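Welcome! Here are a few short exercises to work through with the model at hand. Try each task before you read its solution.

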Amino acid sequence: MDLSYILNELGEERANYFNAVAPPIVQTSNFCFNTVADFRNALANEYQGNLYSRGLNPTIDILRKKLAALDGAEDALVFASGIAAVSIPVMALLQHGDEVICVENPYSWTIKLFKDLLPKFGISCTFVDGTDINQFKDAITTRTRLIYLESPNTFSFDVQDLTAIAQLAKAHGILTMIDNSYCSPIYQQPIAHGIDLVAQSATKYLGGHSDVVAGVLTGSKALLEQIFNNEYMNIGACLAPQNAWLLLRGLRTLPIRLEKTSATAEQVIYYLEQHPKVAQVLYPFSKANKDLALAKKQMKKCGGLFSIVLKEASLESIEKFCNSLQHFLMAVSWGGYESLVFPACAGINKNDFDQNNKRHILIRLYIGLEDASYLIKDLEQALALL
Ligand SMILES: *Cc1c(COP(=O)(O)O)cnc(C)c1O
C-alpha cells in the first residue's frame with residue numbers, strides 16, 4: 001500500500017464527520033443501542049464494533065488501520081504504553097510451564113517482564129546472544145513457545161537475523177515477536193521477514209513530539225483477536241482517544257521526521273568518528289559492526305539513535321561531558337523533536353560503575369530535528385572541556 005495513502009487517507013471516512021479534514025476525537029466511554037438484539041450482538045463480540053472505549057473506539061480505529069498497514073499486517077492493537085504492547089501479548093500467549101527465548105539486553109522493562117514478572121506465573125526465560133543463530137537453536141526445548149527479539153536494541157544496537165530466526169521458529173511451531181521501536185515500519189518490516197508479532201513504543205518515532213505515551217502491536221487478525229478478547233480487555237491498558245488523535249497527527253510527518261533525524265545523525269556520527277576524544281560510535285550501519293551486512297539487508301536506514309564511548313571513559317569524564325552539553329537534554333526516551341543524551345552510568349549505582357564494563361561506559365545520543373551544525377557545535381564545546 002502506498003505510504004502517502006496510508007498516512008493521508010486510509011481509515012478516514014470524512015463523510016461520517018462533517019467532512020472535517022482532521023479526524024474527530026470521539027471522547028466517549030460508551031456507545032448506545034436501539035434494541036436489545038443490537039445490544040446483545042455487540043456484547044457477544046467486542047472486537048467487532050463500538051461498545052465501550054476500553055475496547056474499540058472510532059478515533060482509535062483510524063489509528064489501528066494506519067498502523068496495521070504501515071507494518072504490512074492484518075491488524076493492529078494500540079495500548080496505553082509501549083511496554084503494555086510488549087507485556088500484554090506475551091502474557092496472553094503464554095501459560096504456566098511455557099518457556100521463552102529472549103535476546104539479551106532488550107529494553108529494561110522487558111528484562112523485568114521476563115526475569116521477574118513471568119516467573120511468578122511459572123513461565124521461564126532464557127536470554128541468548130541474538131547475533132548467533134546457534135544460541136537460539138541450542139536454547140529451544142519442547143516447552144519453548146515464544147522467541148522474543150529486539151533488533152536492533154537501543155543501547156548497543158546489536159542486530160538479529162530476522163528471516164533465519166523466523167524460519168527456525170516456524171520449523172518448531174514457536175511464535176516470534178519483535179520490538180521494532182528503533183526502526184519503526186519506515187526502516188524495517190519484520191512481518192515481511194516472517195515475524196508473527198511486532199510491538200513498538202509509539203511514544204518514540206510514531207508520536208514524535210514527546211507529548212504522548214503509547215504502544216502498538218501488529219500481527220495476524222487471529223492472534224490479535226485472541227489477545228484482545230483476553231489480556232487486552234482484562235488488563236485494560238487502553239489508549240485514550242485524545243492520545244490516539246495525537247498519534248494520528250504525529251504519523252502525518254513520520255517519514256519526513258525520520259528522514260531529517262537520520263540525515264542529521266549521519267553528519268553528527270561522521271564528526272564524532274573523526275574526533276580524537278571519541279573511541280567508538282555504536283550504530284547498526286557502523287563499519288565496526290560485525291553484522292553490518294545483515295543490518296543493511298534487513299534495515300533501510302538507521303534513525304537518530306546511537307551510542308558513543310569516550311577515549312577517557314572514567315565516570316568523571318562521562319559526567320563532565322554530559323553535564324556540559326547545552327542543547328542535548330538529559331532524559332530518557334527518544335524519537336521526539338529534541339536531541340537527548342542518556343549516559344548508561346546514570347542507571348548504575350556509582351559504586352558499581354566499572355570502567356572496564358563495555359555497557360557501563362556507553363553514552364547514548366538521540367538526534368532530534370535541530371540542524372547538524374547546531375548540535376556539532378554543542379558536542380565540540382563539551383568534548384573540548386575533557
Ligand atoms: C521506550 C521503549 C519501550 C517502552 O515504551 P513506553 O512507551 O515507554 O512504554 C519499549 N521498547 C523500546 C525499545 C523502547 O525504547
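**Exercise 1.** Find out how far apart F228 and Y232 are along helix α9, and classify their aromatic pair.

*Solution.* Start with the helix: α9 covers residues 221-235, and F228 and Y232 are about one helical turn apart because they sit four residues from each other in it. Keep in mind that this is a predicted model. Next, look at the rings: their centres are 5.3 Å apart, and the planes make an angle of 25 degrees. Planes under 30 degrees apart count as stacked, so the pair of F228 and Y232 is stacked. Finally, place the pair in context: the whole structure has ten aromatic pairs.

**Exercise 2.** Describe how domain 1 and domain 2 are placed and how much area they bury between them.

*Solution.* First, set the bounds: the domain assignment gives residues 3-252 to domain 1 and 254-384 to domain 2. Their centres, taken over C-alpha atoms, are 28 Å apart. In the contact, 34 residues come from domain 1 and 36 from domain 2. Together the domains bury about 3100 Å², with 60% of it on carbon and sulfur atoms. On the domain 1 side, F155, Y187 and Y205 supply 31% of the buried area, more than any other three residues.

**Exercise 3.** Which polar links and which helices belong to this interface?

*Solution.* Begin with the links: there are 18 residue pairs in polar contact across the interface, while the count of salt bridges is zero. Then turn to the helices: α1 (3-8), α8 (184-187) and α10 (241-252) each supply at least two residues to the side of domain 1 that touches domain 2. Last, sort that side by class: 15 residues are nonpolar, 16 polar and three charged.

Key: Residues are numbered from 1 along each chain as its sequence is written. This is a predicted model: local features need pLDDT of at least 70, side-chain atom pairs count only at pLDDT 80 or more; totals for chains, interfaces and linings use all residues. Side-chain values use heavy atoms; hydrogens and water are left out. Domain bounds come from an automatic or database domain assignment. Contact means heavy atoms within 4.5 Å. Buried area is the accessible area (1.4 Å probe) that two parts lose on being put together, summed over both. A salt bridge is a side-chain nitrogen of Lys or Arg within 4 Å of a carboxyl oxygen of Asp or Glu. A polar contact is a pair of N or O atoms within 3.5 Å; within protein, one must be able to donate a hydrogen and the other to accept it, and residues adjacent in sequence count only if both atoms are side-chain atoms. Ala, Val, Leu, Ile, Met, Phe, Trp, Tyr, Cys and Pro count as nonpolar, Asp, Glu, Lys and Arg as charged, and the others, Gly among them, as polar. Rings of Phe, Tyr and Trp (its six-membered ring) pair if their centres lie within 6.5 Å; planes under 30 degrees apart count as stacked, over 60 as edge-to-face and the rest as tilted.
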